[in-house]
Amino acid sequence: MFQTKPYPILLSHLLTRPAHSIINQSFDSRLRLDKRRPINGDGFGVGYYSIDPELEEAGPCVFRAITPAWNNLNLETLAEKTKSNLVFAHVRASTYGVLSETNCHPFTFKNLMFMHNGGISNFNLVKRKLINHIKDEYFLYLQGSTDSECCFALFLDTLDKLGYDPNEGKEVGNDALRKALMKTIEYIKDWTIGFKDPSLLNFAVTDGNSIIVSRYITSKTEEAASLHFSSGSSFVEYEPNQYRIERLDRGQNVIMVASEPLTFERGDWIAVPTNSVLTIKDQTVLLHPIIDEYHQQDPLYSRSSSFAESKGLMGSVPVAEAPDVDVPPLEREGRSRSLVVESI
Amino acid sequence: MQSNRALDDNPIVELSKRLPLRDRTSSRSQYSPSPQRSLKKDDGQSKLNDQQQLFSDEDSNPVLLHRWHHQFSILSTCAFPNKGLLFCGTQDHLILVFDMDTFERKFILKGHTGSVLCLTKSSDGKFLFSGGSDSLVKVWDVVEMKETHTIYSLSDIGDIFSLAWSNSLNLLFIGCQNASILFVHLNTVPKTDPNKLPVNRFDKFFDSKGPTGATTISPSYQKVLEVRSRLIEVPSSNILPYAHNGFIYTMKFFDENILISGAGDGKAKIWRVSFQGLSLLKQLDNDDSILSLTIYEQFLYCGLSKGSLKVWDLNTSQQLLTCHDLDDDDIFGVASSKSYIFKSVKGEVYKWKFGSNIEVSWNAHEDLILSMEIYEKDGKAYLVTGGNDHSVAIWDIDDEVNSKNHLRRSSIITYDNDSMLSTLDDLVSFKTVSKKPELFIDESRRCANYLIDLLKKFGADSELIPVEDGNPIVYGCFKGHSADKTKVPPRILWYGHYDVIEAEENSGWRTDPFKMVANDGYLFARGVSDNKGPTLAAIYSVAELLHSNQLESDIIFLIEGEEECGSYGFQEAINKNTALIGHIDWILLSNSYWLDESTPCLNYGLRGVISANVEVSSDNPDRHSGVDGGVSREPTIDLIKLLSKLIDDEGKVLIPNFYDPIKPLTSMEEKLYDDIVKKAKINIDRPTLLSKWKYPSLTVHKIDVSGPGNSTIIPQSAKGSLSIRIVPEQNLQETKKQFIKHLEDSFKNIRSDNHLTIKLIHEAEPWLSNPSNDAFQILRQEVINEWNLEPLYIREGGSIPSVRFLEKILDAPAAQIPCGQSTDNAHLNNEKLRVTNLYALRRILQNTFKKLPKRS
């Protein structure tokens, strides 16, 4: 997901053009790490808030399709002609639920928008508990068959019970959103206790102003699904399809959060720590830990990814190759302006 | 571009909550721009020549000393004035070193592989520390100009935004993008394998293979194969994850062991640091992200996103001021020198002085200012600014830093009267005008701090008691040592105040009111008599007793800073701190004057006060009497009618039952009053004295009307300000109720369709003590010994709100011994105090503190 102020960004700068854009991620996913099928081909979705205040009222615009993202011409053309300040995008590799548009992320409810990367383990054992827990109106909201959509319904219900009625379509504020998301995670965590396999709960939710993203796993030793963020004063294309974040001051005009970095600029991306929540509030990134039985005290504790590998959900990690020492001595960071000058 | 503007014009100075509460008005000084003069510098390279306009306001003259240019943004600066060097961290990974005398670029330090975001130095000036977007800290020996250490962490810390060096612990603190603070000792066992560096480490994503089986590498990526300096890895135990919940943009040391960090989560956290790391003491919530902070004396200035600058008092953790820029632009930098506060907003620097409403700004850079700091050299202060217009500039900000510094006065402790006078000289130089916090809040805080230091220096336990929205109370406790260990020592409380009434030079003062002048046996300055002089006499008398091992009682000092504002917040603050004060046997104070010039007095009674604003307002706006005169009842006439119902033609107060509680004059009282009339060397008779002291009174202070006030207007509202001085027999609450009821009834009786509003401004209980108790008897004896005169027992018509309150809450009787003479001019121009009286009070108190027993 992406947020920028004061200038809206053209969607193609995020979705189609960068070296590891979401389209490229749909056929070249690096961190799914499934050697046999590193592909997110089960549909995609893009949601964004209009910059036209008259259109803002009705919540975000969502464009979803069951075709693979790389095969969708509409996505290419729309992305070239659409601007927004806040964009969610998702490419799907189904873990639960059939291939249908109603199962594609992001999900919306009034002004709220929600996505999920991961899965609830043994969801068939949890579904009944979840459905019984939520109010009728959120049960009736469900249109698809995925665990992710149920999680959104649970989130809406949690928000409602905290005293923020989602039907009002108002901005909820970062504190309440974060509280509701953490509570949602806590419910799922409690309902899945004792299951052999951990659940992967990377959620993203926004009210059109603040964004909350979690990186969470119900395990003390395993690693959660990946999540990275990058922030700076602008996102610039310094060579065709080569983008980088420029960080000149402490302002965060551009903030990107993504399961996989959009670029291969190493210094531009930082991992969101496992079992924590990232908040974007007024163009500022905040990080809060989720402290429960799965929290690790030691900041250098190295979680394993063997669970995911054994289940085939994630492939084994490719072994690092010896670096090519003959690479020309370019500025490694790629953040020096000289490169821009050269490309002009 | 330049602009001079009054603070109430554009940036808003909010006095957090306090103005409405206290009915304080901020001064509305209008600033008229003075003729501009521009100064050209012979700097052919400078693109900013046109903009180097300076100010003729002689108080604020930033002169550009030099500007250097580079090809990339200047992100951080660090000045080494002793070496005459300025270090600048750049966007293109370099540290530029400039000579501040010859203005030449002397060196370029290369080592980082990312932007150099922050710089700091060791206080001995030998080392420079730099942190970058490459997640590395480098240490540089600035004598050899070479890299000595490379510090990295195995956790993904992101950019390094801030660094702070503790000289006493030899520890470096590192503030990171992932909200953690790391700390590291430079002597940590070095590592040898550079493969653990963040740029070299295997990364699941960046070292992953694409569909073709090849790794995608950014064209600019390069591994670091060799590190030429000591390689240090921050151990896991030295990482404080989630020290904040946002990027840690700034860190500064307050003193040796107190570190303050500011972050994107809006919190300023105050940490105690030790070899074990950090323990959180307090946090101050600023709402918006803290982008920069600076500390001067005990004040913390936080520059925030969205345009606010917040000022905190670190001694009491109270927020003093918020200054907001109406454009909501982020404040990237703040810096403070002795007299000024500087903030950078976009390319402009704003220079601002506490107490002057004028803010000066100038355009220092063409785009954003990314770093700002102040350094001192040869007794003068300079400002360094670096920006993303690829330049760094030095400004002479015209501030003498080596002038008198109160807090660093001599460390030699002396107890004699000369020392007392020089301390009083310091004390009156603080403009502690409590009625104008918008101008003098910092002076009051500094004065409170000075008193704390003084009490501590003399051996007292001392701390500040915070007052919500007010100046803090200075608490001090001198512990007595009795030879008889089983005896519980008497505990005596001294009440005084350090705030003063406003005073302006050239408004009838012959000298600067805040500079003590000694002439013909008198000291002249605001506050010498009311109440800094007498308070200091008490402190010195106890300090000397303690020093000479003669102090057997515990003496507790409560010196407040809001007495002249009706002891605002005093009661709440004391209520919260009764445990700190403990049991008290006697309360002493000296906050009044003799009746004449030559006869010492003891004061045993004060009148109380109820002040109120009474307003009559109409539903109609201000109107023209020619157009609307006669149409309806007018507020001003209603108010006059209403006020006329308060006093009869003989001057008696008409509030029902007003005089009922007052007891007739006893023969003993008669004798006291006659004694005064006989002995006091003033022309006064018994009825006058009785009216002043024994009987209550009612005064109308002011009548105001709305509108422009010319003679054709029917004002929409009229407001009267009045007060009642009540006497000890009267019940404050009862009298207040009767007063309000009488006003409301009278207003009903005039049957006006206008509206009446009564607002109580302030109240104080009257006080009457027993002049035959131990305290008064001992004071009397000591006065006789000192002056060879029998003191007069007097009461006063004025009020001190805290006296009766302290008596009640501490369950101890109070006694007051006036210090100065009737001609002291407290609250008036040319306030003065006779030196003889000050010294005499000191001796009287010294003996009284020795002799006053426990109350039986």
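Me: Which residues does Ile248(B) touch, not counting residues up to four places away in sequence?
Reply: Contact is judged by C-beta atoms, placed from the backbone, that lie within 7 Å. In this predicted model, Ile248(B) touches nine listed neighbours, among them Phe161(B), Cys176(B), Ile181(B) and Ala263(B). Residues are numbered from 1 along each chain as its sequence is written, and chains are lettered from A in the order written. Local features need pLDDT of at least 70, and side-chain atom pairs count only at 80 or more, while totals for chains, interfaces and linings use all residues.

Me: How many residues has the largest nonpolar core?
Reply: Nonpolar side chains tend to be buried together in soluble globular proteins. A nonpolar core joins buried Ala, Val, Leu, Ile, Met, Phe, Trp, Tyr and Cys residues through C-beta atoms within 7 Å. Buried means 20 or more other C-beta atoms within 10 Å of a residue's own. Here the largest core has 189 residues, and Ile248(B) is one of those with the most contacts inside it. A second, separate core of 92 residues includes Tyr673(B).

Me: In which sense do strands S19 and S20 of chain B pair?
Reply: Strands of a sheet pair through backbone hydrogen bonds, either parallel or antiparallel. Strands are DSSP runs (E, at least two residues), numbered from the N terminus, and pairing needs at least two bridges. S19 (248-255) and S20 (258-263) of chain B are antiparallel over six bridges. They form a hairpin with two residues between them. Lys252(B) stands opposite Ile260(B).

Me: Which strands stand at the edges of the open sheet S6-S7-S8-S9 in chain B?
Reply: S6 (74-80) and S9 (105-110) of chain B do; each has a single partner strand, so one side of each lacks a neighbour in the sheet.

Note on methods: A residue is buried if 20 or more other C-beta atoms lie within 10 Å of its own, exposed if 12 or fewer, and partly exposed in between; C-beta atoms are placed from the backbone. Two residues are in contact if their C-beta atoms, placed from the backbone, lie within 7 Å. Helices (H or I, at least four residues) and strands (E, at least two) are DSSP runs, numbered from the N terminus.
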